[in-house]
Amino acid sequence: MRMTEEMRKSLRITVDYTNMTDKYLGDKGYSAKKLDSYKKLSKAAHAYVADNRGKDELFMGWTELPYNQDEIVADILATAKEVRRKFDYFVVLGIGGSALGPIMAFNALCHLHYNDLPKSKRKGPKFFVEDNVDPVRMKELLDVIEPEKTCFNVISKSGATSETMAQYLIISDLLKKKGCDVKEHVIFTTDASRGNLVKISDELGGVKRYVLPDGVGGRFSQLCPVGLLPAAVLGIDIKNLLKGAAYMDKMCKSSDFRKNPALLCATLQYAAMQDGKNIGVLMPYSDNLKFVSDWYAQLWAESLGKNVTLDGVPCNVGQTPVKALGVTDQHSQVQLYTEGPYDKVVTFLSVGSYREKTMIPHGCESIPDVSFLGGHTMEELIQAENKATAFALTKAGRLNYTIDLPEVNAFTLGQLLFLFEMQTAYAGAMLNINTFNQPGVEAGKKATFALLGKPGYAEQKAALDQAASDPEYIV
Ligand code: PA5
């Protein structure tokens, strides 16, 4: 269905930052004057992102993904149709940015018990994302899938990640043992021309391969084939996902942070960081949005956690993302948020209209403490608890703001993803760091290579062995 401007407007996500201001927080909140003191910096960040958008050499190719993929989308839709026709299981092998996007979209836009539904009620094959190398998990995945009926989407930009390549070795061996033609059961998503997956697909010949574009880093890759193929296989409307992203991009045109939702969020978070709020909690009030927090945690942590500015000055910046779920974590973490140290800013994700309402029936009439719930919907209950938690935090002088999604669908999810990506790019520019590299992750990857004997890492292996040979504090 074609969306009218009116429909788009009704699905527009908004940011309510009243509870970050002095209006209700008094001196714990920010006055208009205080926020205005960040105007110059946020304008400069906006200009930096606007001037460099689309530049592959700066890893900012992701800004153009909502616009430059018509052919790729058509190809993905055709492949997805084939996958649905041929396979009963679709398994993503990948980690970090090559897994968190597919997990997020799956949970946001599919039935929460998708794999347990009968085939007739699912739009696609059973779906799994294997983003760990826990041996138990691998073995137990193989207990519930049939490799002969499975398509494995191996996603790795570098093609060098030990976790993903180990998984590939396991499944290709298994497929061969089952007498399957490996190339008919794998789809690779990787760099255009470099890396081991390119070599492997050349060796196998005829493997379907999608490109993770040059200027798109792992954590900014949900809107390219990394996220689009798994989503399309699940029957998610990927065109609307991209349209949502483009719609948010349009809303991010202004250099005035009060008129640009992503710049507003970046400025609020930057102000909070300057104020010692080293922890950023993301608390969606929706099980569908639970894994947005995992995706966002990587985006925010890996992008902003840096030890040197763009001018080469040492620094240690970033904000620790914490994942929480409303209402579940009201009964776990909210006590700390309300009364613990003043070191957090809480972002709520609220939903205006849930796709199910679920009536709470009348009952227990002789017990008013219970019967008051009857006649309400669960939607009313979760929304009331969301408002109540924001109120309680505000009363306790805790910074919090709310991103409102009118509903959870492909269009609003696309908006939300792009908002967070732009927010991260703006915040990185405000911090004057390289938002798009991840030297800290690379260091761990290299140490793993050394420990497992990859050629070329002998020196690092010796250093690691030396460190391990002299433990001092084992009790
Ligand atoms: O955001 C990133 O760059 C990382 O989290 C990577 O996505 C992750 O390490 C996996 O790398 P690759 O896709 O090269 O296997």
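## A tour of the ligand site

The ligand occupies the second largest pocket. The model is predicted, and every value below is computed from it.

**Stop 1: the shell.** Select the ligand and the residues surrounding it, of which there are 14. The closest are Ser98, Ser156, Ser158, Thr161 and Gln298. Colour the shell by class: nine residues are polar, four are charged and one is nonpolar.

**Stop 2: Ser98.** Show the side chain of Ser98 together with the ligand. An N or O atom in this side chain is 2.8 Å from an oxygen atom of the ligand.

**Stop 3: Gln298.** Select Gln298 next, another of the closest residues. A polar atom of the Gln298 side chain sits 2.5 Å from a ligand oxygen atom.

**Stop 4: Lys445.** Move to Lys445, where a polar side-chain atom is 3.1 Å from an oxygen atom of the ligand. With these contacts on screen, turn on the ligand surface: the ligand taken alone exposes 390 Å², and the protein buries 92% of that.

**Stop 5: Thr189.** Now leave the ligand and select residues 186-190, which form strand E5. Thr189 is located in this strand. Is Thr189 buried or exposed? Thr189 counts as buried because its relative accessibility is 0%, and the cut-off for buried is under 20%.

**Stop 6: Asn153.** Keep Thr189 displayed and add Asn153. The side chains of Thr189 and Asn153 make a polar contact at 3.2 Å.

Definitions and conventions. Residues are numbered from 1 along each chain as its sequence is written. This is a predicted model: local features need pLDDT of at least 70, side-chain atom pairs count only at pLDDT 80 or more; totals for chains, interfaces and linings use all residues. Side-chain values use heavy atoms; hydrogens and water are left out. A residue is near a molecule or strand if one of its heavy atoms lies within 4 Å of it. A polar contact is a pair of N or O atoms within 3.5 Å; within protein, one must be able to donate a hydrogen and the other to accept it, and residues adjacent in sequence count only if both atoms are side-chain atoms. Accessible areas come from the Shrake-Rupley method with a 1.4 Å probe; for residues, only the protein chains shown count as cover. On a 1 Å grid over the protein atoms alone, a cavity is a set of points where a 1.4 Å probe fits but cannot get out, and a pocket is an open set with protein on both sides within 12 Å along at least five of seven lines; lining residues have an atom within 4 Å of a point. A molecule sits in a cavity or pocket if more than half of its atoms lie within 2 Å of its grid points. Ala, Val, Leu, Ile, Met, Phe, Trp, Tyr, Cys and Pro count as nonpolar, Asp, Glu, Lys and Arg as charged, and the others, Gly among them, as polar. Helices (H or I, at least four residues) and strands (E, at least two) are DSSP runs, numbered from the N terminus. Buried means under 20% relative accessible area, exposed over 50%, partly exposed in between (1.4 Å probe, protein chains only).
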